[in-house]
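Colleague: Please take one helix and examine it closely, covering its length and its surroundings. I should then like the account to be carried on to the other parts that help to place it in context.

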Amino acid sequence: MMKRGRASRGRATSTRSSTSDRGGIRKRSGAPPTKTDRDGDLAMGAGAGAIRGQRTRGGPGRPTPSGRTHALDRSINQIQKALSTSGAQANIRQGGRGGPSEQVAIRGWKQSKAASNRDGGVESLIAFLEKKLTPPDSKSGPRVKINKSRVEGDALIVSVRPESLERMLQLNGFSFAGAPLAVEKFDQASAPLLNSVPAQNGTTPSTADTKAKMTAILGKRYYQDSKLLDLSKLGTDPDLVAMGIFGTTSTESKFFPALMKVWELNFDNTTARREAVESVSLADNQLANITVVTTLSQTFPDLKNLDLSNNNFADAQALIGWRWKFRKLQFLDLTGNPFSADPTFKDSMLKWYPELKILNNTQVRTDEEIAAQKKTPIPVRAPHFHDEGQIAENFIRAFFTGYDGNRADILNGFYDTTSTFSLNVNTSAPRALQTEPAPWDPYLKKSRNLLKISHLPARMSRTYTGVEKIRELWTALPPTRHPDIVAHPEEWLIECFPIPGLPDMTGQSSTGVGGFLIMVHGKFEEDNSGKVETRSFDRTFILGPGNGVGGIRVISDVLCLRAYGGNEAWQLEPQPAAAPPAAVPAAAPAANPAAPVGYGLPAPGKTDAQVQQEQLVMQLSTKTMMTLQYSELALSGNSWNMEAALKNFQELKTQGQLPPEAFLPGATA
Amino acid sequence: MAPTEDSYAKVSTEATTEFVNSFYPALQSNRASISTFYSTPPSTIVFNGNPVADGNAVQEIFVNQMPPTHYEVQSVDCQIINRQYPTVTVGRQIDPRKDISILVIVSGYVRFGDSRDLPQRGFSETFVLVPNPSSEGGGKGKRRKDWLIQTQNFRLVV
């Protein structure tokens with residue numbers, strides 16, 4: 001359970017967010033400013049193993065020995081970046097064209113009648129401004145659009161094209177929904193960055209100093225044992241008050257993103273960061289909306305428990321930025337918020353958070369219900385892996401080891417002059433939570449995504465046929481590391497089945513030969529100038545008989561790359577008495593346990609017709625779960641017509657004329 | 001005269017994009033036509049590890065069991081598998097440029113259900129397309145499909 005502070009339940013009225021000194025994380029009591037002189041480390045005692053506190057030991061303001069200065073500089077740069085860009089977090093509407101634009105601050109609208117709208121009147125104010133900015137006599141000219149705006153305290157900051165600036169400033173004093181507007185140019189310099197905020201002792205702290213203080217604050221509020229980050233009652237934190245965080249709306253909106261950045265900088269890798277915190281409390285912060293704390297969902301996407309009690313969230317709109325975020329959230333406390341009384345409250349939260357179990361201390365979902373809703377209309381089953389004589393299995397094992405270790409060997413072993421390789425990048429694929437998509441530069445120029453590459457010459461040049469061309473491309477592609485198939489079967493989903501109609505290298509068969517279609521889904525790691533990126537891939541091979549290792553060759557090899565998407569999608573859905581998942585080819589259930597090695601595959605002395613018949617038999621066996629003998633009987637009795645054989649099978653099955661021994665062991669007749 | 005590389009590339013990539021542009025919309029909003037996309041008999045059809053008998057069975061599943069489904073195709077690629085696919089035509093001569101089998105790879109996302117709020121599930125789908133041996137149309141007034149699904153494997157991957 002989460003630690004919480006409920007000391008001050010009494011809350012002010014809901015009008016507090018409507019004045020400039022209210023809203024957001026705010027000081028509550030007049031705690032005397034205390035000059036802090038803390039060490040920069042996260043003070044977490046023995047548990048600091050995962051935290052990179054040592055980096056700033058001795059105080060970040062001082063040069064550090066043993067070459068750590070560079071790392072420190074780099075992290076400071078990142079903080080500065082976070083501080084100077086974090087204002088964007090507060091944007092409620094973004095987009096539109098680039099180019100130079102002027103910022104204008106509009107005040108006074110919070111006293112208008114529109115302020116009682118769901119969004120506080122922002123939407124109608126923008127519409128009002130757009131209308132006023134469009135000259136009434138310009139029938140031909142386009143309507144002026146305000147594409148970028150944000151709310152800072154009582155001001156709406158909008159960006160307008162320079163040519164609209166003058167007209168915009170003339171709106172000063174205009175009446176909007178019963179209230180006069182104050183319009184003035186918004187000067188960036190008047191919105192100081194956090195690192196230049198004069199602290200209450202009159203000095204201007206450096207960024208490094210700010211970072212040290214934030215690190216100390218985080219250390220004080222982090223409970224390693226319970227994995228809780230307690231960010232409740234920030235407004236009364238003497239250290240924060242001393243830093244002058246709550247002096248202006250601007251510094252306040254930048255404080256939280258900067259705090260999150262400082263937190264992230266203390267971890268060497270995302271895994272450690274993700275595992276360090278399961279619970280966050282933002283209780284008792286007088287938040288009217290999540291604008292200033294929205295980055296929480298980026299820093300802690302896997303959060304299980306979130307305490308937002310005793311704030312001022314009035315409706316779903318106040319939390320809208322966290323809709324669909326926190327996909328693992330199980331516990332949510334919004335008691336002491338007006339929103340809890342909303343009739344749509346429970347339904348909305350259940351919809352937003354698929355794993356939510358406890359809402360406002362009441363159970364709203366059972367584990368069974370959560371399991372049930374994960375089901376897809378097409379149930380997720382074990383891989384369909386129908387190998388023959390371990391041909392596909394041996395190939396897959398050899399391929400991925402070789403592709404990581406020595407691509408030339410793989411090419412020489414399995415590819416020939418007509419083997420074809422191409423790759424395509426799905427740059428917008430759904431991805432796992434909290435994965436920052438790695439840049440696609442090394443691949444995009446080779447990507448043959450037909451939705452994007454429409455010119456025939458480009459489509460042709462991005463098809464690589466023959467060992468030499470493929471070698472040239474593979475040499476240029478970044479080195480990869482795929483997880484070991486045996487040690488990490490859960491990372492792989494491999495399917496395989498026979499297909500007919502492949503080209504015959506010997507030219508003897510006019511009807512084509514049989515082979516395998518293999519589909520592999522998984523992930524790999526890639527060294528990108530020192531940084532390790534993880535990507536997901538889907539790779540489809542067609543293997544046919546040939547002169548390569550094991551008498552096979554690769555006919556087709558298509559690689560699709562996408563952002564890391566995890567492996568949850570192919571984990572089997574919980575079923576009563578579920579069979580153990582079988583993701584490794586070796587462990588995959590053989591569909592035709594009775595099929596002898598080489599059955600369905602070309603072999604010396606075997607006619608093409610025979611191979612085709614064997615393949616038909618296997619197909620029918622797969623579809624009906626009948627044994628090979630009975631499948632053969634059904635096909636030969638129906639002139640080797642699959643459709644007729646299937647129909648025949650259905651009739652006999654319905655009439656109960658098929659004996660139990662007609663079916664494969666374990667099949668439910 | 002053997003077809004040129006250009007014409008093979010043109011035929012295969014155009015067949016692929018046309019197939020993708022008609023098959024996924026059919027899964028969404030024209031389910032009664034699903035079976036017309038499949039060759040008879042097909043080779044293998046598998047959805048999430050579940051083997052499906054043929055195009056009629058696929059259509060039956062989509063008509064009777066599937067909620068409204070929104071597919072978003074994000075990446076597509078193809079390769080020619082066999083330039084002399086053993087098409088047994090009925091009552092017509094096949095254009096040699098089109099007597100090929102095509103491997104089609106699709107990556108995208110699918111949303112099961114009406115609401116836009118439902119999660120986007122990443123999928124990867126592999127098809128083998130073969131020439132339609134028949135000169136018959138796909139029914140009254142329907143345009144005849146040049147390519148049919150011989151093999152299909154669908155997997156949710158995200």
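Modeller: In this predicted model, helix H4 of chain A covers residues 207–221. Its 15 residues reach 21 Å from the first C-alpha to the last, which is close to the 21 Å expected at 1.5 Å a residue. H4(A) is largely enclosed by the rest of the structure, because 12 of its 15 residues are buried. A residue is counted as buried here if 20 or more other C-beta atoms lie within 10 Å of its own. The buried residues begin with Thr207(A), Ala208(A) and Thr210(A). They continue with Lys211(A), Ala212(A), Lys213(A), Met214(A), Thr215(A), Ala216(A), Ile217(A), Leu218(A) and Gly219(A). The list thus includes two lysines, Lys211(A) and Lys213(A), alongside residues such as Ile217(A) and Leu218(A).

The chain that holds this helix has 18 helices and 21 strands. Of the 669 residues of chain A, 41% count as buried. Among contacts in chain A with a separation of 6 or more, 72% are accounted for by residues 24 or more positions apart.

The account may now pass to a sheet in chain A. Seven strands form an open sheet with mixed pairing, in the order E8-E9-E10-E11-E12-E13-E14. Strand E8 (222–223) and strand E14 (362–363) of chain A stand at its edges. Each of these two has a single partner strand, so one side of each is left without a neighbour in the sheet. For E14(A), an antiparallel pairing by two bridges is found with strand E13 (residues 358–359) of chain A. Within that pairing, Gln363(A) in E14(A) is the bridge partner of Ile358(A).

Helix packing in chain A can be described from another pair. Helix H11 (residues 391–405) and helix H12 (residues 407–414) of chain A pack at an angle of about 145 degrees, and their axes are 7 Å apart. The crossing of H11(A) and H12(A) is left-handed. On the side of H11(A), Phe395(A), Phe399(A), Gly402(A) and Tyr403(A) take part, and they meet Arg407(A), Asp409(A), Ile410(A) and Phe414(A) in H12(A). By class, the residues of this contact are five nonpolar, one polar and two charged.

A second helix of chain A, H16(A), may be examined in the manner of H4(A). At 1.5 Å a residue, the 17 residues of H16(A) should span 24 Å, and this agrees with its end C-alpha atoms, which are 24 Å apart. H16(A) is mostly covered, with 12 of its 17 residues buried. Among the buried residues are Val611(A), Leu616(A), Val617(A), Met618(A) and Leu620(A), and also Glu614(A) and Lys623(A). What covers the buried residues of H16(A) comes from both chains. From chain A, the cover includes E18, E19, helix H17 (628–636) and H18, and from chain B it includes strand E1 (44–47) and strand E2 (50–52). Just after H16(A), Met625(A) takes a positive phi of about 65 degrees.

This leads to the contact between the chains, to which chain A gives 59 residues and chain B gives 53 residues. Several elements of chain A each supply at least two residues of the side that touches chain B, including strand E15 (420–426), helix H14 (456–461), helix H16 (608–624) and helix H18 (642–654). Strands E18 (493–502), E19 (513–528), E20 (531–545) and E21 (552–563) of chain A also belong to this group. E18(A) makes the largest share of that side, with seven residues. The residues of chain A that touch chain B divide into 29 nonpolar, 20 polar and 10 charged.

Chain B itself has two helices and six strands, and its elements run α-β-β-α-β-β-β-β from the N terminus on. Of its 158 residues, 46% are buried. Strand E6 (residues 147–156) of chain B is mostly covered, with 10 of its 10 residues buried. E1(B), part of the cover of H16(A), is joined to E6(B) by four bridges, and the two run parallel. In that pairing, Ile45(B) stands opposite Gln152(B). Strand E5 (residues 121–131) of chain B runs antiparallel to E6(B), and nine bridges join the two. There, Val128(B) stands opposite Thr151(B) in E6(B).

Methods: Residues numbered from 1 in each chain as written. Chains lettered and ligands numbered in written order. Predicted model: local features only at pLDDT ≥ 70, side-chain atom pairs only at ≥ 80, totals over all residues. Contact = placed C-beta atoms within 7 Å. Nonpolar A, V, L, I, M, F, W, Y, C, P; charged D, E, K, R; others polar. Pairing = 2+ DSSP bridges. Axes fitted to C-alpha atoms, helices over the stretch in contact; angles between N-to-C directions. Left-handed = near helix turned anticlockwise from the far one by under 90°. Expected span 1.5 Å × (residues − 1).
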